[in-house]
Amino acid sequence: MVTSFQVRKALTQYGATPDIVFCVAGGSNASQIGFLADVSPRGLTSCLESNYYSAVFITQACLQLWIQNPDKNRVRHVVFVSSAAAFVGLPGYIAYTPPKAAVRAFADTLRQELLLYGDKDMYQVHSAFPGTFITDSFLAEQASKPEITKIMEGSNISDEEIEAKTPSASTIAQKILGGLDKGYYSITSDWESALILNNMRGPSPRDNVLLDLLLALVAFLLWPFFRRTFDRKTRNYGRKHLANLQPANV
């Protein structure tokens with residue numbers, strides 16, 4: 001695993017002090033998808049490393065450079081690409097959702113810590129929470145993803161249908177950059193992600209107070225129905241497939 005020391009060494013070697021840092025490493029693979037009874041310990045730890053520590057260490061290295069080289073004429077940004085999965089857990093993503101939620105908590109804490117070194121015009125933190133988008137790794141996951149996970153996220157269709165109805169990585173990147181241009185702290189890729197964000201806003205700053213409060217009210221009213229629907233689907237799937245849900249040897 002790459003540490004902040006190694007990242008800083010590389011940046012120093014090239015004389016680089018970046019003004020914008022995008023923390024986009026992460027995702028999941030076949031060894032990290034599955035139910036807790038089946039995922040190996042290495043699958044759990046590697047998912048945490050790739051999704052959480054990858055963001056922590058690059059941010060720490062850049063922050064140390066920023067503090068040592070302050071510039072009041074620059075606005076320095078760190079952008080975390082988390083996931084809408086940070087707001088809602090689905091069976092099969094037990095290794096993936098906790099690191100994404102941790103990235104969000106890390107961003108909330110970092111935003112306040114940066115005020116120690118300058119006001120918000122010197123350092124800005126942004127968190128992006130995209131929904132599902134097409135990548136080679138996402139399509140590869142489909143081969144080993146539990147069927148209930150596909151049902152819950154709506155990916156229990158052919159790869160061709162998924163590609164036709166799901167945004168590309170390029171489309172999501174453009175939405176993240178658009179939110180960054182507007183100075184948003186929390187950036188979502190669709191209304192569904194925006195709704196569940198405002199159902200769990202907590203200490204995160206609001207970018208559009210009136211709209212965010214409206215979405216929070218809608219989510220407050222609708223989410224109990226979605227949660228009960230998810231619970232019912234999970235129970236029914238378990239009753240139907242219980243014999244196939246015995247723990248693997250991990």
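Visitor: How many helices and strands does the protein have?
Guide: The protein has nine helices and four strands, and please keep in mind that what we are looking at is a predicted model.

Visitor: What pattern do they follow along the sequence?
Guide: Reading along the sequence, you meet them as α-β-α-β-α-β-α-α-α-α-β-α-α.

Visitor: Which side chains of strand β1 are buried?
Guide: The side chains alternate along β1, which covers residues 20-23, with Val21 and Cys23 buried on one face, while Ile20 and Phe22 point to the other face and are not buried.

Visitor: And in what sense do β1 and β2 pair?
Guide: Strand β2, residues 76-81, pairs with β1 in the parallel sense over four bridges, and within β2 Phe80 is the residue that stands opposite Cys23. Between these strands the chain passes through helix α2, residues 41-68, in a β-α-β crossover that is right-handed.

Visitor: Changing topic, which residues make the nonpolar surface patch?
Guide: The patch, of about 970 Å², is made by Trp191, Leu211, Leu214, Leu217, Phe220, Leu221, Leu222, Phe225 and Phe226. Helix α9, residues 209-241, gives the most to it, with eight residues.

Visitor: Where is Phe226, then?
Guide: Phe226 is found in helix α9, and it counts as partly exposed because its relative accessible area is 43%, which lies between the cut-offs of 20% for buried and 50% for exposed.

Visitor: What about the overall size, what does the C-alpha trace span?
Guide: Along its principal axes the trace spans about 60 × 45 × 30 Å. The radius of gyration is 19 Å, which agrees with the value near 18 Å for a compact globule with 250 residues, and 39% of those 250 residues count as buried.

Note on methods. Residues numbered from 1 in each chain as written. Predicted model: local features only at pLDDT ≥ 70, side-chain atom pairs only at ≥ 80, totals over all residues. Heavy atoms only, no water. Patch = residues over 30% accessible without salt bridge, like charges linked within 9 Å, V, L, I, M, F, W, Y side chains within 5 Å. Areas by Shrake-Rupley, 256 points an atom, 1.4 Å probe, with all protein chains shown as cover. Salt bridge = Lys/Arg side-chain N within 4 Å of Asp/Glu carboxyl O. Helix = DSSP H or I, 4+ residues; strand = E, 2+ residues; numbered from the N terminus. Buried < 20%, exposed > 50% of the residue type's maximum accessible area, 1.4 Å probe, protein only. Pairing = 2+ DSSP bridges. Right-handed = clockwise from strand over helix to strand, strands pointing away. Rg over C-alpha atoms; globule rule 2.2 N^0.38 Å.
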